Each structure stands twice: as C-alpha cells, then as structure tokens.
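Student: Could we go through this structure together, beginning with its loops and then turning to its aromatic rings?

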Amino acid sequence: MRLRRPVLACGLAALALLLGGCVYLRLLQLKWQLDTFDQNFAVSTNDGLSIVFHHPVMRTADVRWFGAKPERIDPIDRGEHWHLRLVKELPAGVTEPVKYDILLELSFAEDRLTRVSVPEAYFAAVPKTFVLGIIRSLGHSQIDQRQRKIESTVGDDETAATRPRLSSIDRLLGLPSEVRIEGAQTVRRYRFVPATKEPEPGAYDLTLTFDSATGDLRRWHSRTPVGGIGFKFDPPPPPS
C-alpha cells in the first residue's frame, strides 16, 4: 500500500509530460483530494446537489480544456458563475415531446473552480447518494496513459442499493442516440453538445451498459473531447 501512491503519482506526472500542460498535474491534485473526500469538499443536498471545493485547484482554462462551454456567464464576487447546458442529439427524423438537456452550474473564484451544482429535477430518477458514490470512487481510479482515460471500479459500499436501473435512465435521459445488444448486455449511447454559439464546441458521448435480463447498470463511460472517464460496477449482491 505504501508504494501505491508514489507509483501512481509518477504515472500521472509522466502523463502530464507526455501530453503537455500542467492540467494533468492539477488533476492529480484533485484525485488525491477525492481520495480524502470529507476533508476537501462540502456537500449540500437541500436544493439539488452542490459540491463545494475547500482547496480548489482546477482553473477556468482547465474546465474549458475539457470542452465545457458555458451558455451564459454571470459575474460574481472575485469570479464568475457559469450556466452550462448540453443538448442531446438524436438520430435523423427522431423527435421527443420534451427536452432532455443536461444542466450544470459552475462557480469560479480567483480563477479556480469552487462549486459544481446539479438541479434537483435530475434526482427524481437518480439518487444523490449514487452520484456522490461515483464521485468518491474517482479517488481510487486508475489511469490509462495510452488511451487517455480514467477508470474506476465502484463497489457496493459506494453506491449501495441506489444504482439506477434501465427504467430510471429512460426517465432521466429519454431516447438514446444508439442502442445495441452485446451478448447478455444492452448498450445505450447518448450524445450531447454544448448549447453555445462558440465554434467547434466538441461533443460528449455517454455510454451506459446494462444487464439485459435484470436491467442492472454494469458500466458507465463518458467520452469528452480530450479523454474518457469510465465506471465499472460490481455485480449487486445476491438476495439474502
């Protein structure tokens, strides 16, 4: 266990040198903070879900580097408040009666990300404890330097019985951009683009894999314009 952090730190430092820029070193700092979550973050669940950074390290430019393009920016004391909206893309000729856009709010102070907020409406389908569990799991994630991705295995201790099932995701995200069957699993892909007038805003692909027989979520993978973040879920325990 003593070697685990130094070895991983060296790997992330090498990734920073390989790909250029200091953003990866700040991501390394953020990862260590997530590994001791309660010491570095405060959580508010009164109106939606807000995570406050006690020791902010990510800069405004870092967030833009990930492809985040705000639809609106409001000035606040010592910084700015971003309103992000990701618009879902559907196959040609397919329509839905309601919009399933993803809304986020980010606050920055002195060029550092200090708060991320998710509206209450999303948690009618996905429990807040589940979202917090996968965020905490990033503290012990693994880095694939070659493929530019982060992978985390999420155990029952982090999401308990709160993992969303296929029916919950349908209520949350609506129709997928693509559906395919791979053996005993159902794979659904959702594609989002930032609602912004900026040129070449980039796209985000969210791919969710379910057990076809039970509807249990087995894998969650997000592809950003600069890399991927994946979560693999341990099978649920057998009923007692």
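Tutor: Before we begin, helices and strands here are DSSP runs, numbered from the N terminus, with at least four residues for a helix and at least two for a strand. Please also keep in mind that this is a predicted model.

Student: Where is Glu-110 placed?
Tutor: Glu-110 is not a glycine, and yet its phi is positive, at about 50°. Its relative accessible area is 55%, and exposed means over 50%, so Glu-110 counts as exposed. As for its place, Glu-110 is in the loop between strand 5 (102-109) and strand 6 (112-118).

Student: Is Asp-111 buried, partly exposed or exposed?
Tutor: Asp-111 lies in the loop between strand 5 and strand 6, and, although it is not a glycine, Asp-111 has a positive phi of about 65°. Buried means under 20% relative accessible area and exposed over 50%. Because the relative accessibility of Asp-111 is 38%, this residue counts as partly exposed.

Student: How many residues apart are Phe-41 and Phe-53, which form an aromatic pair?
Tutor: A search of the whole structure finds 7 aromatic pairs. In one of them, Phe-41 and Phe-53 meet edge-to-face, at 5.2 Å centre to centre and with 75° between the planes. This pair links distant parts of the chain, with Phe-41 in strand 1 (residues 41-44) and Phe-53 in strand 2 (residues 49-53), and the two are 12 residues apart.

Student: Is Phe-53 buried or exposed?
Tutor: The cut-off for buried is under 20% relative accessible area. Phe-41, at 5% relative accessibility, falls under it. Because Phe-53 has a relative accessibility of 13%, this residue too counts as buried.

Student: Which elements hold Phe-130 and Trp-220?
Tutor: Phe-130 and Trp-220 form a tilted aromatic pair, 6.0 Å centre to centre with 35° between the planes. The pair links parts of the chain that are 90 residues apart, Phe-130 being in helix 5 (residues 128-137) and Trp-220 in strand 12 (residues 217-224).

Student: Which residues do ring pairs link into a cluster?
Tutor: Leaving aside neighbours within four places in sequence, Trp-220 is in contact with residues including Phe-130, Phe-231 and Phe-233. Phe-130 is buried, with a relative accessible area of 0%. Ring pairs link a cluster of Phe-130, Trp-220, Phe-231 and Phe-233.

Student: Which residues touch the most other members of the largest nonpolar core?
Tutor: In soluble globular proteins, nonpolar side chains tend to be buried together. The largest nonpolar core has 41 residues, and those that touch the most other members are Phe-130, Leu-173, Leu-208, Trp-220 and Phe-233.

Note on methods. Residues are numbered from 1 along each chain as its sequence is written. This is a predicted model: local features need pLDDT of at least 70, side-chain atom pairs count only at pLDDT 80 or more; totals for chains, interfaces and linings use all residues. Side-chain values use heavy atoms; hydrogens and water are left out. A nonpolar core is a set of buried Ala, Val, Leu, Ile, Met, Phe, Trp, Tyr and Cys residues joined through side-chain atoms within 4.5 Å. Buried means under 20% relative accessible area, exposed over 50%, partly exposed in between (1.4 Å probe, protein chains only). Contact means heavy atoms within 4.5 Å. Rings of Phe, Tyr and Trp (its six-membered ring) pair if their centres lie within 6.5 Å; planes under 30 degrees apart count as stacked, over 60 as edge-to-face and the rest as tilted.
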